Amino acid sequence: ADFQMLYEEEKANIGSTEVFDYTKWQNNTDWIDALTQTGNFTTSNISVTQGTDRNRFYMGFGYTKDEGIVIHEKLEKFQLSLADEMKLAKNFKLGFNLAGSRTRYPNDGSGALQDARRIAPIVSSGTTPYRLKLYGDSASYNLYSVLPTIQNTLQNPLLIRENTWDKYIGRETRMVGSVYADWNLTTNLNLRSTIYGDFSWVNSTSYNPLYAGYNPADGKAIVVNPITRVAVSEDRYNKWQQDHILTYKKSFGAHGLTATAGFTTYFFGANFLRANTRQDLSGDPIPNDKTFWYIDNGFNDPSSNQSSSDAVERTTVSGLFRVLYNYQSKYMLNVSYRRDGSSVFKANGNTWDNFWAVGAAWEISKEKFMDDQNFFNFLKLKASIGVLGGQNTYGYDYPLYPRLAAGNSAVFGTNIYTAYVNDYTPDPNLHWEKNHAKEIGVEFNTLKNKLHVELNYYDRLTKGSLAFLMLPSGKFQLGNYGDISNKGIEALATWTHMLTRDLSFSISGNITTFKNEVKAFGTPLAASEQTPNQTEVGYPIGYFYGYIVDGVYQSYADKLGSPKVIGYEYGPGDLKYRDVNGDGKIDTKDRTMIGNPTPDFIYGGSVSLGYKQFTLDIDVNGSYGADVYRIWGSSELPYSRYNYASFKLNRWHGAGTSNWVPILGDNHAINRLPSTFGIEDGSYFRIRNVQLAYTFNPAGLSKMHIKSLRVFANVQNLKTFKNNSGYTPEFGGSPTAFGLDYGDGPVPMIVTGGINVNF
């Protein structure tokens with residue numbers, strides 16, 4: 001009834017005379033409920049270990065089944081692990097580790113859940129029996145409903161999901177292993193060499209079948225997907241690494257020294273193959289049978305075959321050196337240096353760069369002048385400074401070799417030809433990104449070691465992040481133009497107390513503050529008319545930029561008495577934007593900072609209680625000060641008639657009815673501009689984990705040849721206390737565009753129980 005009321009009101013607002021027959025659409029469907037399930041998760045592991053003075057062996061096998069919250073989502077994974085270490089001589093040993101897995105991936109249902117909130121509740125989630133001809137023979141099918149015409153380009157996600165979820169085959173085979181040799185050359189000198197390998201093969205097959213839907217408007221079936229298709233892919237990943245580390249340890253009276261030198265290389269390679277085809281339109285469809293889910297299946301049209309391939313390779317070579325020195329175990333020094341080379345920058349000669357770090361600590365509590373005090377049981381002052389390197393190319397595998405962009409032309413004589421140009425111009429001096437970090441802190445124990453506290457101040461400046469700069473020619477140049485500053489305080493406190501012989505508890509808390517600012521950038525990344533993220537010098541990265549809403553125009557007199565809006569039609573019921581610069585008109589110059597997706601601080605805490613064999617652990621975390629920008633219900637484009645957000649019941653529909661939620665009408669473009677109307681508080685507090693466990697007394701288990709037995713129950717994401725209207729206040733994205741709520745991303749509560757037994 002609410003949907004019908006709002007839709008009819010919106011039609012009147014936009015002057016539509018279209019008549020919609022609701023008698024054919026008399027449902028009240030909760031579409032989130034229709035597309036979700038209670039997912040079941042189970043994991044089982046069994047392992048065997050055996051060891052002697054000369055040999056240690058391990059073997060483990062595991063199975064995991066994980067059902068998602070979207071219907072028909074189920075992942076299965078089989079794992080096998082092997083490890084062995086052999087002592088061939090008193091000072092020499094060899095070993096290996098090998099882990100293999102086979103994963104069956106489900107057909108991803110995230111898109112179905114994202115669309116679920118958009119479907120009008122008047123549509124049925126049930127099926128209607130209908131006899132029709134799809135694969136040659138007439139048969140009876142249980143058809144899900146199509147959507148009414150008022151929902152335009154949207155399709156019923158349940159109709160799609162039920163007809164396609166089992167038409168996908170996704171498999172990954174992965175092998176991760178290492179082989180190492182450990183040689184004590186002398187009493188104080190050790191050489192350890194390790195070679196790592198990580199290989200995975202990901203294969204997928206998708207079949208797009210024929211399927212139909214039922215149209216309640218005329219009581220007939222509609223073939224929703226009339227053409228069968230097959231798509232296959234194969235992804236191969238190869239990762240190699242070798243580490244050769246030489247370590248020297250020696251004590252000289254009150255002096256302690258550990259020196260490390262090493263050489264390491266890393267290789268990453270990936271190959272991607274894609275192919276797809278469709279049925280021969282003059283023949284039969286590709287059968288709904290896995291036997292034929294291949295490109296050349298005998299039913300396909302060879303002229304429709306398409307294929308593509310891609311590959312990427314990246315290597316690094318590094319030499320490193322580190323010295324750890326202490327005097328009387330109270331003055332400590334850590335000095336490290338490394339020289340890294342990357343194939344990413346090989347083409348311009350900037351392959352190599354130097355990185356370093358220096359850290360020092362003073363354990364003050366070991367000084368003689370601390371002997372007469374009783375407050376500090378332990379006190380340490382520490383500080384560090386250094387420069388680390390990064391290859392954050394943000395999607396550009398070969399940044400010095402731009403992609404080619406189509407859509408251009410060139411004239412030769414009297415002819416015009418299609419032309420391709422570089423997507424951008426690379427800065428010839430492109431180089432490593434560098435992270436300059438400084439930190440100073442203190443940690444101490446007090447009150448008979450019951451209270452442990454750590455306090456740190458950090459200052460990190462990332463210099464040389466990749467960014468684009470607009471050149472005078474009008475083309476973009478990719479270079480190291482971005483400098484990003486992050487400063488803040490990190491604090492941790494833990495209290496541990498034994499109340500009685502059987503009862504103990506500990507409580508801890510931590511907090512990290514953030515002050516983010518863009519110090520340098522190329523050409524600012526400007527907000528659009530749909531999304532508010534903007535990046536420019538002097539502001540937090542990806543901050544929200546838009547208009548400030550001062551209310552809703554209540555009448556034409558209100559409109560005439562307010563600054564004029566340039567470039568948009570508007571009237572009573574539309575959002576009233578603030579004239580920020582005071583020039584008597586509303587235009588793009590009145591946009592300003594309206595929010596920041598980076599929090600002021602994040603925090604966490606834990607409580608652990610122990611009573612005899614029982615333990616209770618509670619973990620919490622939260623965030624404060626971040627803003628969320630709600631895209632759904634505010635800035636969505638009017639391509640389809642979506643279901644209405646519940647707050648639209650408080651919309652303006654006459655003078656005095658609302659001074660915040662604007663009039664309904666998808667042709668009121670002024671109301672979709674990024675503004676404070678979409679800003680919501682992203683602060684939250686979450687009970688992240690609660691676990692109750694009981695460990696049986698070993699004495700009572702020995703008769704059953706059991707070493708240990710533990711049972712537990714666990715609740716993850718028990719409750720989130722938040723202020724925004726979406727599923728969650730946490731949203732990812734890119735480094736410069738995040739904090740956007742598109743109406744998806746729910747965080748499920750997970751309840752588990754388990755048993756751990758050792759024989």
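In this predicted model, three strands form an open sheet in the order β25-β26-β31, and their pairing is antiparallel. The strands at the edges are β25 (533-534) and β31 (592-595); each has a single partner strand, so one side of each is left without a neighbour in the sheet. Between β26, which covers residues 543-546, and β31, the antiparallel pairing extends over three bridges. Within this pair of strands, G546 stands opposite T592 of β31.

A second example of an open sheet may be set beside this one. Three strands follow one another in the order β35-β34-β40, and here the pairing is mixed. The edges are occupied by β35 (679-681) and β40 (740-741), and because each of them has a single partner strand, one side of each lacks a neighbour in the sheet. Strand β34, residues 627-630, runs antiparallel to β35 and is joined to it by three bridges. Here V628 faces a residue of β35, and the residue opposite is E680.

The next strands to consider are β13, β14 and β15. Strand β13 spans residues 306-327 and strand β14 spans residues 331-342; the two run antiparallel and are joined by twelve bridges. One position to locate in this pairing is L324, which stands opposite N334 in β14. The two strands form a hairpin with three residues between them, and in this hairpin Q328 takes a positive phi near 55°. Strand β14 also pairs with β15 (residues 352-363), again in the antiparallel sense, over eleven bridges. In that pairing, S336 has A357 of β15 as its bridge partner. When following such strands in the structure, it is useful to recall that the side chains of a regular strand alternate between the two faces of the sheet.

Attention may now turn from strands to a helix. Helix α4 comprises residues 157-164, and its buried residues are P157, L158, L159, R161 and T164. Against which elements do the buried residues of α4 pack? Their neighbours include two helices, α2 (31-35) and α3 (110-116). Strands also take part in this packing, namely β6 (138-144), β7 (168-184), β9 (211-215) and β10 (220-225). The start of α4 shows a further detail, in which a side-chain oxygen of N156 comes to within 2.9 Å of the backbone nitrogen of L158. L158 thus appears twice in this account: as a buried residue of the helix and as the residue whose backbone nitrogen N156 reaches.

Terms used. Residues numbered from 1 in each chain as written. Predicted model: local features only at pLDDT ≥ 70, side-chain atom pairs only at ≥ 80, totals over all residues. Heavy atoms only, no water. Pairing = 2+ DSSP bridges. Helix = DSSP H or I, 4+ residues; strand = E, 2+ residues; numbered from the N terminus. Buried < 20%, exposed > 50% of the residue type's maximum accessible area, 1.4 Å probe, protein only. Contact = heavy atoms within 4.5 Å. Polar contact = N/O pair within 3.5 Å; in protein donor to acceptor, adjacent residues only side chain to side chain.
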